[in-house]
Amino acid sequence: MSERKNDFDAVVVGAGFAGIYMLHKLRNELGLSVRGYDRAGGVGGTWYWNRYPGALSDTESYVYRYSFDKDLLQEWDWDTRYLTQPHILAYLEHVVARHDLGRDIQLNTGVDSAVFDESRDRWLVSTDSGETVTARYLITALGLLSKTNMPDIPGRETFEGDLIHTGAWPEHHDVRNKRVGVIGTGSTGQQVITAVAPEVSRLTVFQRSPQYSVPVGDGPVTPEYVASVKADYDDIWRRVRQSVVAFGFVESDVPAMSVSEEERQRVFQENWDIGGGFRFMFGTFSDIAVDPDANDAAASFIRSKIAEIVQDPETARKLSPTDVYAKRPLCSKGYYETFNRDNVDLIDIKANPIAALTPRGVRTADGSECELDTLIFATGFEAVDGNYTRMDIRGRGDRTINEHWRGGPTSYLGIATTGFPNLFMVLGPNGPFTNLPPSIETQVDWIADLIQDSERRGPAVIEVTDEAEQEWSATCKEIADFTLFPKAESWIFGANTPGRPNTVMFYMAGLGAYRQQLDAVSADGYVGFTRQV
Ligand code: FAD
Ligand code: NAP
C-alpha cells in the first residue's frame with residue numbers, strides 16, 4: 001500500500017480481471033490517484049475464490065487473458081487447451097506484480113457502503129475495517145458471478161460434516177476417500193463432480209434440473225501451436241472483438257434447418273468431438289439460440305449422447321433434460337460418464353426433494369438419509385447484481401441502489417445507472433454476454449476514455465439520463481426476447497434464486513455490436529450522459 005491518504009481521484013472496488021485492469025488504466029495510464037479494495041485475501045476475484053477441485057476456464061486458454069499488454073501476450077505460456085484455476089490465479093497475480101498495482105490494492109477489506117455527497121461531488125466509501133475515504137469517481141468491478149447463493153435448507157446448521165460452497169473453497173481442503181454430496185449440476189457442479197468422483201469413497205449428486213452438456217475437449221497443446229497463436233494475436237483479438245460471444249472460434253452463419261439431417265448430425269458430431277460448450281451452441285449453426293427447431297435439433301443430439309453414454313436407463317432418463325437448450329452452454333470432462341461409476345449415485349431432488357440437513361447428512365422427502373462427510377454446495381451465485389444489493393450504495397437524494405433496482409437491475413450500456421453520478425460499473429447489468437475478458441477490457445477502456453475526456457475539460461459530474469437508461473433496457477429486452485434464453489430458468493435472467501424478479505440482465509447481441517454501440521455513444525459526444533461542471 002502506498003502512503004495513507006483518504007482522498008482519491010478514484011476508488012476501484014474488486015480486484016479480479018476487471019478491477020486489476022481498471023486500476024492499471026486509471027493510475028498508470030491516466031495518472032490518477034486510485035485506491036483499490038477487495039474483500040479477498042488476494043487478487044484474482046473469481047480465481048481467488050473458486051479453488052474447488054476441477055476448477056477450469058472453459059474459454060480456450062489463448063483468449064482467456066488480457067490483450068492490452070502485448071509483451072505479456074508473447075511472454076506468458078500455456079500448455080493445455082484450457083486453463084486451470086491455479087494457472088489463471090498465477091497469471092493475474094503476475095499482471096498485478098508486473099504493473100506494480102499491489103501497493104494500491106487494499107486486500108481483506110470489504111466496502112460496506114458508498115454514499116454520494118452532493119455538497120462536495122464526492123463518493124464517501126466506507127469499509128468493514130472502519131475506514132472512510134473519498135473519491136471523485138467510484139468504479140465497481142464487483143463481479144457478476146461472485147456473491148454466492150447458499151440455499152437456506154432446514155437443519156443446515158446441524159450438519160456435523162464439512163459444508164462448503166464452491167465459490168468459497170477453503171485452500172487445500174481435501175475430499176479424498178470421503179463420503180461426499182454435491183448439490184448443483186451447473187458448470188461448477190459438473191467440474192467438481194467429474195474431478196472428485198474418482199477420488200472419493202462415495203459421491204451422491206443432488207440434481208434439481210438436468211443439464212445439456214458437451215465434452216470440453218481439454219488436452220495438451222504443443223509449443224508450435226502456442227507460437228502460431230502468438231504470431232497471430234493482432235488478428236485474433238480483432239476477430240474476437242467483432243464476434244458475438246468472443247470465444248475465439250469461428251461462429252457459424254449457417255441456419256441448422258438449411259442443411260440436410262445427415263449434414264446436421266455430422267456438424268454436431270464434429271463439434272462434440274472438438275469440445276466446448278459455447279462452440280457447440282454458436283459454432284455449429286447460427287440459430288441454435290434463437291430458432292426453436294434448430295434448438296431442438298441440438299438438444300436431441302445431446303439427449304441421444306446421454307442415452308448412448310449412460311448405462312443405466314433410469315439414470316440416463318434422470319440426466320436427460322427435456323426443456324429448451326438455452327442456459328449458459330455447459331461442457332465438462334465426462335460428466336455423463338461419471339454416472340457409470342459404482343461409487344456415484346444420482347438423486348433427482350425435483351422428484352424427491354431435500355427435506356432437511358441432519359447432523360449426519362441429507363434427508364430427502366422419502367424419509368431416507370444419505371450420510372456424508374462433506375456436502376458441497378455448487379449452487380451458483382446471486383448473479384450480476386448480487387454484490388451490489390448487499391452493499392449500501394446511495395446516489396442522489398440518498399436513494400439506494402436497491403430502491404433504484406427494485407424492479408430488477410438496469411443500466412445504460414452496462415456501465416452507469418441514473419442517479420448515481422460518477423459511478424461506473426464494469427460488467428454491470430445489461431452488459432454483453434460473452435467470454436468475459438474481452439468485454440471487461442472493452443468496458444474498462446471506454447470508461448477510462450470517458451473519464452479522461454472529462455478530466456481534460458475540467459472537474460465535472462457525469463450522469464446518465466433516465467431516458468438513456470430506459471432505452472437501453474428496452475433494447476436489451478427486445479434482443480433477449482428474440483432469443484430462446486428467457487425460456488430457460490437460469491442465472492442469466494436471475495431465475496436461479498428465490499424471490500428475485502426474472503429480468504433481462506444482459507445485452508445479448510454480442511461483443512461486436514456492443515462495441516459499435518459504445519463507439520456511437522462516444523462519437524456523439526457521450527450521448528445519454530450529462531456533464532455538470
Ligand atoms: P470477479 O473476478 O468476480 O471479481 C470481483 C471481486 O470483487 C471479487 O474478488 C470480490 O471479492 C470483490 N468484491 C465484490 N464486492 C466487494 C465489496 N463490497 N468490497 C470489496 N470487494 C468486493 N468467464 C469466462 O468468460 N470464461 C470462463 O471460462 C469462465 N469460467 C468461470 C469459472 C468459474 C468457476 C466462475 C465462478 C466464473 C467463471 N467465469 C468465466 C466468469 C468470471 O467471473 C469472469 O471471467 C471474470 O473472472 C470476472 O472478473 P471480474 O473482475 O469482473 O469479477
Ligand atoms: P449455476 O449455473 O447457477 O448452477 C447452480 C446449480 O445449483 C444448478 O444445478 C441449480 O439447479 C442448483 N441449485 C441452485 N439452487 C438450488 C437449491 N436451492 N436446491 C438445489 N439445487 C439448487 O451456477 P454455477 O454452476 O456455479 O455456474 C455459474 C456460472 O459461472 C456458469 O454458468 C459460468 O458462467 C460460470 N462458470 C464457468 C465455469 C467454466 O466452465 N469455465 C465453471 C464454473 C462456473 P437449477 O438448474 O435447477 O437452478
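Which backbone N or O atom lies 2.8 Å from an oxygen atom of ligand 1? The atom belongs to aspartate 58, and the surroundings of that ligand are described below, after a note on how the model is to be read.

## Basis of the description

This is a predicted model, in which local features need pLDDT of at least 70 and side-chain atom pairs count only at pLDDT 80 or more, while totals for chains, interfaces and linings use all residues. Residues are numbered from 1 along each chain as its sequence is written, chains are lettered from A and ligands numbered from 1 in the order in which they are written, and side-chain values use heavy atoms, with hydrogens and water left out.

## Surroundings of ligand 1

There are 33 residues around ligand 1, and Asp38, Thr46, Asp58, Tyr64 and Leu436 come nearest; a residue is near a molecule if one of its heavy atoms lies within 4 Å of it. By class, this shell divides into 17 nonpolar, 13 polar and 3 charged residues, where Ala, Val, Leu, Ile, Met, Phe, Trp, Tyr, Cys and Pro count as nonpolar, Asp, Glu, Lys and Arg as charged, and the others, Gly among them, as polar.

Besides the backbone atom of aspartate 58, a polar backbone atom of valine 111 is 2.8 Å from a nitrogen atom of ligand 1, and an N or O atom in the side chain of asparagine 435 is 3.2 Å from an oxygen atom of the ligand. On its own, ligand 1 has 990 Å² of accessible area, and the protein covers 96% of it (areas come from the Shrake-Rupley method with a 1.4 Å probe). The elements that give two or more residues to the shell are α1 (17–29), α2 (46–49), β3 and α15 (436–457); helices (H or I, at least four residues) and strands (E, at least two) are DSSP runs, numbered from the N terminus.

## Surroundings of ligand 2

Around ligand 2 there are 26 residues, of which Thr185, Thr188, Arg208, Ser209 and Trp491 come nearest. The shell has 9 nonpolar, 13 polar and 4 charged residues.

A backbone N or O atom of threonine 185 lies 2.9 Å from an oxygen atom of ligand 2, and side chains also take part in such pairs: an N or O atom of the serine 209 side chain is 2.4 Å from an oxygen atom of the ligand, and one in the side chain of arginine 328 is 2.9 Å from an oxygen atom of the ligand. Taken alone, ligand 2 exposes 900 Å², and the protein buries 87% of that area. Two or more residues of the shell come from each of β3 (56–60) and α5 (187–196).

## An open sheet of three strands

Strands of a sheet pair through backbone hydrogen bonds, either parallel or antiparallel. In this model, an open sheet of 3 strands has the order β15-β16-β17 with antiparallel pairing, two strands being counted as paired if DSSP finds at least two bridges between them. Strands β15 (354–357) and β17 (369–371) stand at the edges with a single partner strand each, so one side of each is left without a neighbour in the sheet. From one strand to the next, the twist averages 25 degrees, with axes taken as lines fitted to C-alpha atoms and angles running from 0 to 180 degrees between N-to-C directions.

β15 and β16 pair over 3 bridges, with isoleucine 354 opposite threonine 364 in β16, and these strands form a hairpin with 3 residues between them. Strand β16 (residues 361–364) pairs with β17 over 3 bridges as well, and there arginine 363 stands opposite glutamate 369.

## Strand β18 and its partners

Strand β18 (residues 374–377) is covered on both faces, with Thr374 and Ile376 on one side and Leu375 and Phe377 on the other all buried (under 20% relative accessible area, with exposed meaning over 50% and partly exposed in between, for a 1.4 Å probe and protein chains only). β18 pairs in the parallel sense over 4 bridges with strand β9 (residues 162–165), and also over 4 bridges with strand β10 (residues 179–183). Isoleucine 376 of β18 stands opposite isoleucine 164 and is also the bridge partner of valine 182.

## Two loop residues with positive phi

Aspartate 398, in the loop between β19 (392–394) and α14 (401–404), has a phi near 60 degrees, a positive value in a residue other than glycine, and is partly exposed, with a relative accessible area of 44%. Leucine 413, in the loop between α14 and β20 (423–425), has a positive phi near 65 degrees, but this leucine is buried, with a relative accessible area of 1%.

How values were computed
Polar contact = N/O pair within 3.5 Å; in protein donor to acceptor, adjacent residues only side chain to side chain.
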